[in-house]
Amino acid sequence: MNYKISFREMADRGRKILSKQQPVTLEEAKSQVLHLKKWSSQKSKKQRV
């Protein structure tokens with residue numbers, strides 16, 4: 001990662017990347033969150049053992 005770019009340049013690059021992505025519905029976002037919560041809790045349980 002190039003750390004010598006300004007915050008504005010990073011924000012512009014982020015906007016370009018986000019503009020290329022397909023829109024996500026609320027239901028899709030909720031299912032992604034539930035999947036990540038389930039996965040992260042399983043991962044932490046495995047690390048504790």
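How many of the 14 residues of α1 are buried? The count is zero, and the helix is hardly covered. Keep in mind as we walk through it that this is a predicted model.

Let's step back to the whole chain for a moment. The protein chain holds two helices and zero strands. Of its 49 residues, buried ones make up 2%. The accessible surface of the chain comes to about 5300 Å², with 59% of that belonging to carbon and sulfur atoms.

Now back to α1, which runs over residues 7-20. From its first C-alpha to its last, this helix reaches 20 Å, close to the 20 Å expected for its 14 residues at 1.5 Å a residue.

Within α1 there is a pair of side chains worth a look. Asp12 and Arg15 meet in a salt bridge, with an N to O distance of 2.6 Å. That distance satisfies the rule, because a salt bridge needs the side-chain nitrogen within 4 Å of the carboxyl oxygen. The count of salt bridges under this rule comes to one.

Why can these two side chains find each other? Part of the answer lies in charge: side chains of opposite charge can pair when their charged atoms come close. The other part lies in spacing, because Asp12 and Arg15 are three residues apart in α1, or about one helical turn. An α-helix has 3.6 residues a turn, so residues three or four places apart point the same way. As for their surroundings, Asp12 is partly exposed at a relative accessible area of 35%, while Arg15 is exposed at 53%.

Our last stop is helix α2, which covers residues 26-48 and includes Ser40. The side chain of Ser40 reaches the backbone oxygen of Lys37 at 3.1 Å. Ser40 counts as partly exposed, because its relative accessibility is 38%.

Conventions
Residues are numbered from 1 along each chain as its sequence is written. This is a predicted model: local features need pLDDT of at least 70, side-chain atom pairs count only at pLDDT 80 or more; totals for chains, interfaces and linings use all residues. Side-chain values use heavy atoms; hydrogens and water are left out. Helices (H or I, at least four residues) and strands (E, at least two) are DSSP runs, numbered from the N terminus. Buried means under 20% relative accessible area, exposed over 50%, partly exposed in between (1.4 Å probe, protein chains only). The expected span of a helix is 1.5 Å times one less than its number of residues. Accessible areas come from the Shrake-Rupley method with a 1.4 Å probe; for residues, only the protein chains shown count as cover. A polar contact is a pair of N or O atoms within 3.5 Å; within protein, one must be able to donate a hydrogen and the other to accept it, and residues adjacent in sequence count only if both atoms are side-chain atoms.
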